[in-house]
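Here is a friendly walk through one structure, with an eye on its ligand and its charged pairs. Have the viewer open as you read.

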Amino acid sequence: MANNTFYITTPIFYPNGKPHMGHAYVVTLADTLARYHRLIGDETYFLVGTDENTEKVVQAAKKADIQPETFTKEIVQSFKEFFSALYISYNQFIRTSDTERHWPGAIAVWERLVKAGDIYKGTYEGLYCVGCEAFKTEKDLDEKGNCPEHGEPPQKLKEENYFFKLSKYTKDIRKLVEEGAFQVFPETRRNELLALLDEGLQDISFSRPKKTIPWGIPVPGDPEQVIYVWCDALTNYISALGFGREDDHNFKHFWPANYHLIGKDILRFHAAIWPAMLLSAKLPLPTAVFVHGLILSGGKKMSKTLGNVLDPQKFIDEYGADALRYYLIREVSPLEDGDMTEEKFKEVYNANLANGLGNLVSRILTMVEQYGVDITDVMLDGDDETLGGEEVADYHKAFECLEVNKAADSVWSLIAFMDSYIQEEEPFKTIEEDEDKAHQDIRFLVERLWEVAVLLEPLMPETSEIIKSAIKRGEKPETLFPRKQ
Ligand code: MSP
């Protein structure tokens, strides 16, 4: 029987600075889901990338006094190194500056919009926030007339642009959302989208003058204009799969996406503009958009001024990538905003990793070593009939609802069960008077431990490997938490 396909994407990141905790969060979340789907046998494709043809990037390069090409190349390299340090198992890293892989798809979509009669020329007179890379209206601003997100006044623009007839698709999108053919999770975000659709969508500017974004994708037939950042960026989800290119096998195979993971700040782009573009281009819509919360620090948005910015690389260097992954997955609910401080991190690191899982692994495998327990015939496939059955079922249920924090909870329930099993059965004592029973208990614990390692693979891939190989050797790992001594 053919496996299911599973296609998941993250937003493509602006390469105008080094990766921050928000980036670490969304790629870890997506990676955990991708690894889970591989674990259950789905043919999985996981896409990440960078959003490069933007004024923001041009400005950052100018400030650093480097050509945008060199500037982005260096940042992209640092993103790739960061993803690799965090065990992000992406299948492709798409760059929107890639003229061979991305541009043909973006151009093909533009041509389809033109063919549908949905692109027209007009004059845009209004506001633009470079921080958001988005057009703004007065009501989007705070009382001082600043963008609330970036604290700066938007630029005043008057320019000739091509417009997209977004308004035409309001009703169709509403119907698809109501029927469930296009899903938006969680419910609060779905309601937010419905409210937006109630107001009615306005046509939007879909190109910018070439003089503003000198290295964007030229509008077919009008080299003075470049395709507007979002029209260009959103198409990455299909250009990366080969849409618009001769080799479009992956597009045919994996599209539509199962999930686009996004932050709430880019809901309108993904849940209104993108589906409208796909409807206009006569292409299938993604099955779902999943909107996660923000990572805050001490209840506040991370900012240099507040001095509460947490550098993800520092956590990887000090505690290991799996510890950071653990925090982001278990201590933050993907459905709401989450909080992270170094203090809280250390607390859960000590309680649940060093003294929790780490201690348990060490206790069980020390007994195996000390008492010469034969674990070679222990069933090690992780899905045998077990007392952990309930936890395993909860784990799968949680993943189906994308509640990765709850999936992690069920692994830790299994860990708690094992701790109490040792406490109640006391194999370290019974070894004196009933060696057989002690050996049986320890073998049972090793089976459960293997199960824990299997379930941990999507969440903490390195830890999972360390535990499995320690069981295979029948020896406790040199050190689990901390990784280095
Ligand atoms: N380039 C656009 C996305 C285009 S997708 C076709 C963009 N890039 S971004 O680099 O600014 O942000 C990428 C994602 O990171 C967004 O989904 C944003 O919500 C998310 N995060 C940024 N800061 C965050 C936190 N502090 N916490 C969680 N995610 C946050 O937007």
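## Around the ligand

A polar contact here is a pair of N or O atoms within 3.5 Å. Keep in mind that this is a predicted model. With that cut-off in hand, look at Tyr 14: one of its polar backbone atoms sits 3.2 Å from a ligand oxygen. Gly 263 also offers a polar backbone atom, 3.0 Å from an oxygen of the ligand. For Ile 295, the partner is a ligand nitrogen, 2.8 Å from a polar backbone atom. On its own the ligand would expose 670 Å², and the protein buries 89% of that.

Which elements give two or more residues to the shell around the ligand? They are α1, α7 (229-234) and α8 (236-239). The largest share, three residues, comes from α7. The shell has 21 residues in total, and the ones that come nearest are Ile 12, Asp 51, Gly 263, Asp 265 and Ile 295. Sorted by class, 11 of the shell residues are nonpolar, eight are polar and two are charged.

## A salt bridge within helix α1

The model holds 30 salt bridges. One of them joins Arg 35 to Asp 31, with the closest N and O atoms 2.8 Å apart. Both residues lie in helix α1 (residues 21-39), and because they are four residues apart, about one helical turn separates them.

Are these two partners buried or exposed? Arg 35 counts as buried because its relative accessibility is 12%, under the 20% cut-off. Asp 31 is buried as well, with a relative accessible area of 0%. The pair also belongs to a wider network of salt bridges that links Asp 31, Arg 35, Arg 325 and Glu 457.

## Two more pairs to look at

Glu 149 and Lys 301 form a salt bridge whose closest N and O atoms are 3.0 Å apart. This pair links distant parts of the chain, 152 residues apart: Glu 149 is in the loop between β5 (134-136) and β6 (155-164), while Lys 301 is in the loop between β14 (295-296) and α11 (312-319). Glu 149 counts as partly exposed at 42% relative accessibility, and Lys 301 is partly exposed too, at 45%.

Lys 252 pairs with Asp 248 in another salt bridge, the closest N and O atoms being 3.1 Å apart. Here the two partners fall into separate classes: Lys 252 is exposed, at 62% relative accessibility, whereas Asp 248 is buried, at 19%.

Technical notes. Residues numbered from 1 in each chain as written. Predicted model: local features only at pLDDT ≥ 70, side-chain atom pairs only at ≥ 80, totals over all residues. Heavy atoms only, no water. Salt bridge = Lys/Arg side-chain N within 4 Å of Asp/Glu carboxyl O. Buried < 20%, exposed > 50% of the residue type's maximum accessible area, 1.4 Å probe, protein only. Near = heavy atom within 4 Å. Polar contact = N/O pair within 3.5 Å; in protein donor to acceptor, adjacent residues only side chain to side chain. Areas by Shrake-Rupley, 256 points an atom, 1.4 Å probe, with all protein chains shown as cover. Nonpolar A, V, L, I, M, F, W, Y, C, P; charged D, E, K, R; others polar.
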